[in-house]
Amino acid sequence: MFKRQKSLASERKRGLFSQRATRFILRDDMRNFHFLSKLVLSAGPLKQTPAVKHSKTTHFEIEILDAQTRKQICILDKVTQSSTIHDVKQKFHKACPKWYPSRVGLQLECGGPFLKDYITIQSIAASSIVTLYATDLGQQVSWTTVFLAEYTGPLLIYLLFYLRIPCIYDGKESARRLRHPVVHLACFCHCIHYIRYLLETLFVHKVSAGHTPLKNLITSCAFYWGFTSWIAYYINHPLYTPPSFGNRQITVSAINFLICEAGNHFINVMLSHPNHTGNNACFPSPNYNPFTWMFFLVSCPNYTYEIGSWISFTVMTQTLPGGLTA
């Protein structure tokens, strides 16, 4: 009997101990869970690991044929999609040194237009193999050279006529007849006109870095130099007749000529520095400069002022060739 009571007491003690141990374990678990929850919340949302993008570059194979014989010249491989026609010309020159980039014209088909240097291969490619036709454009010159030759020639040619060199005019007649003041004024105005052209070509205008065939240089120079010779021959001739209305006609025309020259210069400066709004270039608009108010009437006042200059020069000298030049 005593032993049974003793065993029951020991079982009760064990039960109480196990219940207390279970409560302690539950408390510890709750504390750990609460601490873990705070830790997760303080860490913030989980950041996704950025996926690694594997860029796949597309390459093209450029087959270049002779536009005249349609025979294959070379094949350019591993040309990227962002490459331009200018880049293709450079690679073509490395593969075939006799084909200079400045005198090569590339076409998509024979007889088609020549591709501009800024066009990308991706924009003209229909497949991974692109066929281009190469044409030798002949001797090329830069646009800056063309403009400088166009404007330097008239400046020097007019001065030769102004000096009345014996191979142009009769020496005795030139020495016997004095020059009218309008002849000196005409030489001054003509020099101002072409000196302005030269300075604007060098410091104002943004001339293209491209090239043009040599025949265009010859054609342009023949026009400018020929008209200058025609104008200068009559104005500087010993038998030149001064304007009919005398000094009033000369003075008014000379002032108008200088105003048009100044207006032409200011408009060219404005056109070389257009206003930019974001990625778009805005056309110039009139400002505080009175010479820019011509924008209210015409869209390209530089041509208006150019025509005004030549009309004023024609009226001032009263010669027909000056008016035809305008």
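**Group meeting: a walk through the helices**

Let's start with a pair of helices. The axes of helix α6, residues 181-203, and helix α8, residues 246-272, come within 11 Å and cross at roughly 5°. Anything under 35 degrees counts as roughly parallel, so that's what α6 and α8 are to each other. Bear in mind that this is a predicted model.

Who makes that contact? On the α6 side we have V182, L185, C189, I192, H193, R196 and E200. From α8 come I250, A254, F257, L258, E261, N264, H265 and N268. Sorted by class, the α6 and α8 contact has 8 nonpolar, 4 polar and 3 charged residues.

Now, α6 has another partner. Helix α7, residues 214-235, packs with α6 at an angle of about 165°, and their axes are 11 Å apart. Over 145 degrees counts as roughly antiparallel, so α6 and α7 fall into that class. Their crossing is left-handed. The residues involved are V183, A186, H190 and Y194 from α6, meeting Y224, T228 and I235 from α7. Here the split is 5 nonpolar, 2 polar and no charged.

Let's move to helix α2, residues 85-95. Which of its residues are buried? They're I85, V88, K89 and F92, so yes, there's a lysine in that list. These residues sit on the same side of α2, because they cover an arc of only 100° around the axis. That fits the usual helix geometry: with 3.6 residues a turn, residues three or four places apart point the same way. And what covers them? The cover includes strands β1 (59-66), β2 (72-80), β3 (104-107) and β4 (129-136), along with helix α3 (121-124).

Since β2 just came up, have a look at K78, which is found in that strand. K78 has a positive phi of about 55°, although it isn't a glycine. R164 also has a positive phi of about 55°, and again it's not a glycine. You'll find R164 in the loop between α4 (143-162) and α5 (171-176). So are these two buried or exposed? K78 counts as exposed, because its relative accessibility is 63%. R164, at 9%, counts as buried.

Last, the overall picture. The protein chain has 10 helices and 8 strands. Of its 326 residues, 32% are buried. Take the contacts between residues at least 6 apart in sequence: 70% of them join residues at least 24 apart.

Conventions. Residues numbered from 1 in each chain as written. Predicted model: local features only at pLDDT ≥ 70, side-chain atom pairs only at ≥ 80, totals over all residues. Heavy atoms only, no water. Buried < 20%, exposed > 50% of the residue type's maximum accessible area, 1.4 Å probe, protein only. Helix = DSSP H or I, 4+ residues; strand = E, 2+ residues; numbered from the N terminus. Arc of directions from axis to C-beta. Contact = heavy atoms within 4.5 Å. Axes fitted to C-alpha atoms, helices over the stretch in contact; angles between N-to-C directions. Parallel < 35°, antiparallel > 145°, perpendicular 65-115°, else oblique. Left-handed = near helix turned anticlockwise from the far one by under 90°. Nonpolar A, V, L, I, M, F, W, Y, C, P; charged D, E, K, R; others polar.
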